[in-house]
Amino acid sequence: MKSRPSEWDKYLLGSALFLSLLVGGGTASGLISDTVVEVFAIVSTAAVFSQGTGQRSPHLIRWLLIMAVALIGLQLIPLPIAMLSGVRPPLLQGVPWLSDETSLRFISVGVGRTVECLLFVLAVAAFFLAVLRLRVDQVHALLPFFFMGVICNGLAGAIQFSLSDDVAIKGLLPFTINAGLFANRNHFSALLFVSIPFVVYYGLFRGHLLSGALGLVALLVLLLAAGSRAGTLIGLAITVISVVFLSTRSRVSGFGIVAIFIGLSIYTMGAWTTLDAREVDPAFGRAEFARTTIDGIKDNLVTGIGFGNFQKGYQIYEKEGMIYRFYVNHAHNDYLEIVFEGGIVAAFLIAFYLLLLTSAFVRNRREPLQRAAFLSVFFLLVHSLVDYPLRTMALAMTFAFMNAIIFHKGFADRSAKKANMVEVEHNGGKLLVPVEATS
């Protein structure tokens, strides 16, 4: 008798994802809530890997993660100051090792913040690799944990928005909650709109059309209530695209949908930038943040300034006329910020990831759940052009989960197996049998 496969690993990873959505909505550094999620994710991942069996992750993905971790680790190794003096401005020579008299310097200008970023990346990467080891049915089983996290955030947001237009909850979590269980309204909106493709998927492919429709309406209403006009536009765009894109099967029409998808994405990105510019002083908005960050990139392209140190590096390049009571804590463009902190190698890793993502989409575009995950990842990447959603643990873990769906080998294996099966009549019903058995 064949033993039933273990299921505890999906519950561990699902709990890690759910926990991140409950307490991982902060944006500040050094949050104890993020540390709790990181520890739980790493412990859960270690338990999953201890089994020694499971799906293997694509080797290119493993190399990407190894290079990313190695890049952060390199910033924590003391190097001779002569190696940095020619590629860094004097004010950013790095933290000295042991004492000011030593000739050794770290690449990172803030070692503590870089160590914090290393733990963040290790936890998210470990969770991603652990999900890749699950069976396809177990990956599907993680979706309810994700939906529970979204529902909890939605209920919290609905209660807040019904009480007042501006309700800040203090003391419940280590950060001030401003929308749902997030510190930032835009990040709360990002969680809502990346959920839409999965809700549409459940409605169209899992037989829950009514509950899927109700969930979709609830998400759009919450996006309106959140007050992020750009988030509402993205929500509408991703809804239309999800319904059309996920319900389309043919190859020819699929290319047409991709064209519409890209066009609407570009429009939405422009709409986001335009709308947010109205809410910020034009002389002190995202365009100025980008210009100043690019100035910093030019001076530190070889090594970067160390992950987690954007604020310290930005202040050196900030124009005197742009210094106000409110300081700039992020570039509001994750790509520029990552390159500023990680240098040219970080830019290469971003390009490498985007290439792998495009390749995975071309190979797996017929699997509905993978297409839904790709839509969510794409729009989160678009959002990252004008904000920093992946700096929050909740959205970083969500991003890892969606990428694990996209790159999971089990979906392709299952599709190949189905291609070699055929339906036959058996005792008044239908049964899948190998093609060879019918010849």
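I will talk through the salt bridges in this structure, which is a predicted model.

Side chains of opposite charge can pair when their charged atoms come close. In this model there are six salt bridges, and I would like to go through some of them, beginning with Arg391.

Arg391 pairs with Asp334, and between these two residues the closest N and O atoms are 3.2 Å apart. Because Arg391 sits in the loop between helix H14 (368-383) and helix H15 (393-407), while Asp334 belongs to helix H13 (residues 334-364), this pair ties together parts that are 57 residues apart in sequence. Asp334 has a relative accessibility of 4%, so this residue counts as buried.

Arg391 also has a salt bridge with Glu341, where the closest N and O atoms are 3.4 Å apart. Here again distant parts of the chain are linked, since Glu341 is in helix H13 and Arg391 is in the loop between H14 and H15, with their positions 50 residues apart in the sequence. As for Glu341, its relative accessible area is 1%, and the residue is therefore buried. If we follow the salt bridges that share partners, we find Asp334, Glu337, Glu341 and Arg391 joined into one network.

Let me turn now to another pair, Asp137 and Arg135, which form a salt bridge whose closest N and O atoms are 3.1 Å apart. Are these two residues buried or exposed? Asp137 is partly exposed, having a relative accessible area of 43%, and Arg135 is likewise partly exposed, with a value of 27%.

Notes
Residues numbered from 1 in each chain as written. Predicted model: local features only at pLDDT ≥ 70, side-chain atom pairs only at ≥ 80, totals over all residues. Heavy atoms only, no water. Salt bridge = Lys/Arg side-chain N within 4 Å of Asp/Glu carboxyl O. Buried < 20%, exposed > 50% of the residue type's maximum accessible area, 1.4 Å probe, protein only. Helix = DSSP H or I, 4+ residues; strand = E, 2+ residues; numbered from the N terminus.
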